[in-house]
Structure formats: C-alpha cells, structure tokens
Amino acid sequence: MPYLTRPVLPAGTLARIPQPVLPTGDGLVLRPWRAEDAPAVHAAFQDPLIHQWHVRACDAVEEAAGWIGEWTRAWGEERDAQWAVVDADSDVLLGRVALREIVLADGVAETAYWTTAASRGRGVAARATVALSRWALDDVGFNRLELLHATSNTASCRVAVKSGFALEGTKRSAVLHPDGWHDMHLHARVRGD
C-alpha cells in the first residue's frame, strides 16, 4: 500500500556524512565522542544528580567505553546522534547532548542532555541544546524535536524553556526511575520556532 506523503528526511541523511563538529559560538563545542572520553564519562556518572535523573549507572571506565562505541555506531545506523559538549579551548568534557529515538521518515527526534557537576549553573546544557536544535531543524531539516524530563526536575525544565522548547503537556507515570514512576513534562521545538 503506497504512502500518501514522502519521508521528511530520506534514509541516509545522517549516515552519508561524518558526524559534524558543532561550535556554539560562545565557548563550547559539540564534537563526536572519542575513546579517550571514557574516564570523564565514568566520572560524570558518579554524581548523585546524574543518578537521580537517569536510569543507567556506569560502574567502570570500560562500561563508559562501551557506551562510546555504541554512540559512535548509532550515528551510522541513524537511530541516535550523541555529542560530547566540551570547552572550546581546553577540550574538557562539560556534558552530553543528543538526538535520540530518531525517525527520519517522520522528521522527529528526542533531544537529551546532561552536564558534569563542575559545569552546572553556566548555561552549558541550554547553549548546547540550542546549537544542536539549530543544526537539526535548520541545516538537516528535522521537523520536530521533543524533550522529556521528570516534572520534579526543575533545572531540566529551565534548560528546555531557555532552549526554545515549548511545554506541551505532562505524560503521567511515564518513566520508571530507581525511586519509582515519574510524570514527565513533554516539550517540543518545531521547525520555524
């Protein structure tokens, strides 16, 4: 049965190009992950706030290295796109920003981020999310980016709003965290916002 619409983005849109380096223009760079980032990822995941808002733990540097390998493969498979957020001058890891759950045919992806404890309060997540959103919507041609966070994670809500993601509603009891089920705010940014 034929579709009545064409894919928003054809298969191969991401895989046919190397994952880009995206400067924010204000001291940050979004770059592909490297194997040597594993110790910094492991260290970031020892932070209690990461444990509070994420469903995964990282018990060893080798586990972080496995994640980085998976993040690299996911680009070529066009299902996730993950960037290290680093200081433009020192290349010190400040966080991560990502497009997850990519559906090219629909032009949709979910935006996600985390920051290291040392980089919080400096606008790192919002600046990185704005840069990623501009690239995804304006340069690549995605139509919609969604962003989910626990309703009780007020810091993440501030990042979403500062990044231009409008609050659309609440998904009740949507994600299981170690402390139980969480209601999730659904934010979105669409092409033209």
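**Entry 1. Helix α5**

I looked up what the buried residues of helix α5 touch in this predicted model, and I found that they pack against β5, α4, β6 and β8 (180-190). The helix covers residues 154-162, and its buried residues are Ser156, Cys157, Val159 and Ala160. I then viewed α5 down its axis: the buried residues fall within an arc of 160°, so they line one face of the helix. On the face turned away from that buried side I noted the exposed residues Arg158, Val161 and Lys162. Just after α5 comes glycine 164, for which I recorded a positive phi of about 85°.

**Entry 2. Strand β5 and its neighbours**

I turned next to β5, one of the elements that α5 packs against. Is strand β5 largely enclosed or exposed? Of its eight residues (108-115), seven are buried, so the rest of the structure largely encloses the strand.

I checked the pairing with strand β4 (residues 93-103): it is antiparallel and runs over seven bridges. Within this pairing, glycine 95 stands opposite threonine 115 of β5. The hairpin formed by β4 and β5 has four residues between the strands, and there I noted that glycine 107 takes a positive phi near 65°.

The pairing of β5 with strand β6 (residues 144-150) is parallel, and I recorded four bridges for it. One bridge joins valine 108 to its partner in β6, arginine 144. I also followed the chain from β5 through helix α4 (residues 124-140) to β6, and these elements make a right-handed β-α-β unit.

**Entry 3. Aromatic pairs**

I looked up the aromatic pairs, and the structure holds eight of them. I examined phenylalanine 45 and tryptophan 67: their ring centres are 5.0 Å apart and their planes stand at 80°, so I entered the pair as edge-to-face. Phenylalanine 45 belongs to the loop between α1 and α2 (48-53), whereas tryptophan 67 belongs to helix α3 (residues 61-77), so the pair ties together parts that lie 22 residues apart in sequence.

I then checked how accessible these residues are. Phenylalanine 45 has a relative accessibility of 4%, and because buried means under 20%, it counts as buried. Tryptophan 67 is buried as well, with a relative accessible area of 6%.

Phenylalanine 45 also forms an aromatic pair with tryptophan 114. I noted 5.4 Å from centre to centre and 85° between the planes, and this pair is edge-to-face. It links distant parts of the chain, since phenylalanine 45 is in the loop between α1 and α2 and tryptophan 114 is in strand β5, 69 residues apart. Tryptophan 114 has 4% relative accessibility and counts as buried.

Which residues do ring pairs link into a cluster? I listed Trp33, Phe45, Trp67, Trp71 and Trp114.

**Entry 4. Glutamate 36**

I finished with glutamate 36, which I located in the loop between β2 (28-32) and α1 (38-44). Is glutamate 36 buried or exposed? Its relative accessible area is 56%, and because exposed means over 50%, I entered glutamate 36 as exposed. I also looked up its separation from tryptophan 71: the two are 35 residues apart along the chain, and 14 Å separates their C-alpha atoms. Tryptophan 71 is one of the members of the ring cluster in the previous entry.

Notes: Residues are numbered from 1 along each chain as its sequence is written. This is a predicted model: local features need pLDDT of at least 70, side-chain atom pairs count only at pLDDT 80 or more; totals for chains, interfaces and linings use all residues. Side-chain values use heavy atoms; hydrogens and water are left out. Buried means under 20% relative accessible area, exposed over 50%, partly exposed in between (1.4 Å probe, protein chains only). Helices (H or I, at least four residues) and strands (E, at least two) are DSSP runs, numbered from the N terminus. Two strands pair if DSSP finds at least two bridges between them. A crossover is right-handed if, with the strands pointing away from the viewer, the path from the first strand over the helix to the second runs clockwise. Rings of Phe, Tyr and Trp (its six-membered ring) pair if their centres lie within 6.5 Å; planes under 30 degrees apart count as stacked, over 60 as edge-to-face and the rest as tilted. The arc is that of the directions from the helix axis to the C-beta atoms. Contact means heavy atoms within 4.5 Å.
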